[in-house]
Amino acid sequence: MDGLDVEPEWMGMPGWVGVSKTNGAWALDVDLPTGSPTGTQLRWPDGSTLTVPLITAATAYAERSKPDDFVEEDCPPGGCTTLRVTGAELRDIPLLTSRGIIQAPAWHFTVEGVKKVHLHGRAKISSRNAPVSPPPY
């Protein structure tokens with residue numbers, strides 16, 4: 001489960017959002033929450049659980065704001081429209097796994113001028129050294 005990532009739903013967003021995101025055109029216009037969030041317990045429909053650590057808002061923003069490794073469309077000649085982050089909040093989102101849908105934490109970054117959805121930054125979930133509780137029988 002290392003490296004789960006929640007990608008935004010691009011449907012209904014202005015076309016410039018994807019180009020700006022891919023090219024790493026980000027600006028931070030807010031102080032991000034400080035400190036490390038405590039770990040969380042994920043729970044599957046069968047009752048099994050996994051306690052996982054979470055990453056900070058700053059780490060999630062740093063990962064999200066990097067240009068993609070492969071850029072399909074460069075910024076237009078006048079430059080990309082900057083994705084201005086105006087808020088960050090850790091919230092649970094539904095995540096489809098091989099064992100069913102769970103609620104998993106993700107950083108939601110509010111972006112100025114983008115109304116459809118928040119852009120998500122993953123909350124790192126790693127199974128290393130995290131025991132899985134057996135389902136109750």
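**Strand pairing, nonpolar cores and salt bridges**

A hairpin of 2 residues connects strand E4 to strand E5 (helices, H or I, of at least four residues and strands, E, of at least two are DSSP runs numbered from the N terminus). The model is predicted, so that local features need pLDDT of at least 70 and side-chain atom pairs count only at pLDDT 80 or more, whereas totals for chains, interfaces and linings use all residues. Residues are numbered from 1 along each chain as its sequence is written, and side-chain values use heavy atoms, with hydrogens and water left out.

E4 (residues 83–97) and E5 (residues 100–111) run antiparallel and are joined by 12 bridges, with Leu96 standing opposite Ile101; strands pair if DSSP finds at least two bridges between them. E4 also pairs with E1 (residues 26–28) in the parallel sense over 3 bridges, where Leu28 has Val85 as its bridge partner.

The largest nonpolar core (buried Ala, Val, Leu, Ile, Met, Phe, Trp, Tyr and Cys residues joined through side-chain atoms within 4.5 Å) holds 14 residues, of which Trp26, Tyr61, Val85, Trp107, Phe109 and Val111 touch the most other members. Helix H2 (57–65), E4 and E5 each give two or more residues to this core.

The count of salt bridges (a side-chain nitrogen of Lys or Arg within 4 Å of a carboxyl oxygen of Asp or Glu) comes to 3. One of them joins Lys21 and Asp68 at 3.0 Å, N to O; Lys21 lies in helix H1 (residues 15–22) and Asp68 in the loop between H2 and E4, so the pair ties together parts that are 47 residues apart in sequence. Lys21 is buried at 10% relative accessibility, and Asp68 is partly exposed at 29% (buried means under 20% relative accessible area, exposed over 50%, partly exposed in between, with a 1.4 Å probe and protein chains only).
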